Every structure is written in C-alpha cells, then in structure tokens.
Amino acid sequence: GARGRRALTYLAAIVWGASLLGVGALTRSGVLPFDHTRFALVNAGFFVGTMIAMGLTREITLANAASRRVAATTLLVFLAGVILWPVFDRVGLDMPSSTIVGSLVSALLWASAVLSLGAPWVPMVVGQVLVAVCASLWPAWHFEIFGVLGALQTAIAGTLMSRERE
C-alpha cells in the first residue's frame, strides 16, 4: 500500500498547488476574486474529496496507524478551513491575514500529529509556518505561497507515508 499512498498523496499535492495557483491568478486578474466564502468552499471541496479518496482507497489510505493519523489530521485541517474562513470574514480579517492565521492553525494541528508520528513529520509543521511567514512578507501572493508550499509539504508527506510499515 505504500506505493499507492505515495501516488495518491503526490496527486493531492499537484491538485492543491494547481488549485491555489489558479485561485491566485483568478483573484489578481479580477476575473473571479476569491473571498472568504469562496475559499471556505475550496476547503470544503478538498475535505469532501479527501473523504471520498479515503473511502475509495481505504486499503491503502488507512492501512496503518500513521496513515490513519495523517488522514485524520488532513481532514481536520480542511474542516478548520471550512469553519475558520467565514469567521475570519466576520471579524474583518483581510484575505492575506486569514491565510496567515489559517496556516498557523494548521501548523498547530500538524504539531499535534507530530506528537504521535514522531520527529520526521516536523516538516509538516514547518511548511505551514513558512506559509505564514511568506504570506506576511508577500501578501499579494498569499494564495500562490499557500499553494506552492502546501504542495511541497504534501509531497513530503507522501514520501514520509511511503516509509511507514504496513
């Protein structure tokens, strides 16, 4: 199942990165600006997509304790996005600031996973902290930063999951 987990996770990395690059381009061009509600829907789509993928590939995505922990954390990260983005809008956070806070929440969720998965998973936390730092430095590019670093982080997760024993 390790090869299947890795392939599925790499696919997710590509889809996340491409999606956020597209969101950034659509927003910046003014063709379809992504606000809090639209980005909450992006998170909802990834939440549902992750659940479907897990259901269809149960034997590889939930094959061991580490894979189950990663799957649960991934679902929590997307669920947090579904819940938090509308809240960020309600309290008046702009989109780049919302990305910064959202990525720090994700870093904390991944930090809780590191406690059970071990130190090799620290890059998951570091990736989200880097999103926050880079988005604060280049707020106009926050979606692209979130997409590229999130894709890289997900690809690292695929490599880590493929090392886990069945």
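Student: Is Ser 106 buried or exposed?
Tutor: Happy to start there, keeping in mind that this is a predicted model. Ser 106 sits in helix 5. Its relative accessible area is 5%, and a residue counts as buried when that value is under 20%. So Ser 106 is buried.

Student: Which residues does Ser 106 touch, not counting residues up to four places away in sequence?
Tutor: Contact here means heavy atoms within 4.5 Å. With residues up to four places away set aside, the partners of Ser 106 are Val 77 and Gln 128.

Student: What pattern does the protein chain follow along the sequence?
Tutor: Start with the tally of secondary structure: the protein chain has 7 helices and 0 strands. Reading along the sequence then gives α-α-α-α-α-α-α.

Student: What radius of gyration does the protein chain have, and why does it agree with a compact globule?
Tutor: The C-alpha atoms fill a box of roughly 45 × 30 × 25 Å along the principal axes. For 166 residues, a compact globule would have a radius of gyration near 15 Å. The protein chain agrees with that because its own value is 15 Å.

Student: How much of the accessible surface belongs to carbon and sulfur atoms?
Tutor: Let's look at burial before the surface: buried residues make up 43% of the 166 residues in the protein chain. The accessible surface comes to about 8300 Å². Of that surface, the share belonging to carbon and sulfur atoms is 72%.

Student: Among contacts between residues at least 6 apart in sequence, how many join residues at least 24 apart?
Tutor: Trp 16 and Gly 147 make a nice example, since they are in contact and lie 131 residues apart along the chain. Across the protein chain, taking contacts between residues at least 6 apart, the share that joins residues at least 24 apart is 73%.

Student: Where is Trp 16, and is Trp 16 buried or exposed?
Tutor: Trp 16 belongs to helix 1. Beyond residues up to four places away in sequence, Trp 16 touches Phe 39, Phe 46, Phe 78, Phe 146, Gly 147, Gly 150 and Ala 151. The relative accessibility of Trp 16 is 7%, so Trp 16 counts as buried.

Student: What distance separates the C-alpha atoms of Trp 16 and Gly 147?
Tutor: Along the chain, these two are 131 residues apart. In space, their C-alpha atoms are separated by 6.1 Å.

Student: What volume does the largest pocket have, and which residues are the closest to its centre?
Tutor: Good one to follow in the 3D view. The largest pocket has a volume of about 770 Å³. There are 40 residues lining this pocket, and the closest to its centre are Ala 12, Thr 50, Thr 74, Phe 78 and Thr 154.

Student: Which element gives the largest share of the lining of the largest pocket?
Tutor: The elements that give two or more residues to this lining are helix 1, helix 2, helix 4, helix 5, helix 6 and helix 7. By class, the lining has 23 nonpolar, 16 polar and 1 charged residues. The largest share, 10 residues, comes from helix 4.

Student: Where is Leu 93, and what does its relative accessibility make it?
Tutor: Leu 93 lies in the loop between helix 4 and helix 5. Leaving aside neighbours within four places in sequence, Leu 93 is in contact with His 36, Phe 88, Ser 98 and Val 101. At 28% relative accessibility, Leu 93 falls between the limits of 20% and 50%, so Leu 93 counts as partly exposed.

Student: Is Asn 64 buried or exposed?
Tutor: Asn 64 is found in the loop between helix 3 and helix 4. Its relative accessible area is 6%, and the limit for burial is under 20%. Asn 64 is therefore buried.

Student: How far apart in space are Val 148 and Ser 19, C-alpha to C-alpha?
Tutor: Val 148 is part of helix 7, and at 47% relative accessibility Val 148 counts as partly exposed. In sequence, Val 148 and Ser 19 are 129 residues apart. Their C-alpha to C-alpha distance in space is 10.0 Å.

Notes
Residues numbered from 1 in each chain as written. Predicted model: local features only at pLDDT ≥ 70, side-chain atom pairs only at ≥ 80, totals over all residues. Heavy atoms only, no water. 1 Å grid on protein atoms, 1.4 Å probe; cavity = no way out; pocket = protein on both sides within 12 Å on 5 of 7 lines; lining within 4 Å. Points joined across faces, edges and corners; volume = space filled by probe spheres on them. Helix = DSSP H or I, 4+ residues; strand = E, 2+ residues; numbered from the N terminus. Nonpolar A, V, L, I, M, F, W, Y, C, P; charged D, E, K, R; others polar. Rg over C-alpha atoms; globule rule 2.2 N^0.38 Å. Buried < 20%, exposed > 50% of the residue type's maximum accessible area, 1.4 Å probe, protein only. Areas by Shrake-Rupley, 256 points an atom, 1.4 Å probe, with all protein chains shown as cover.
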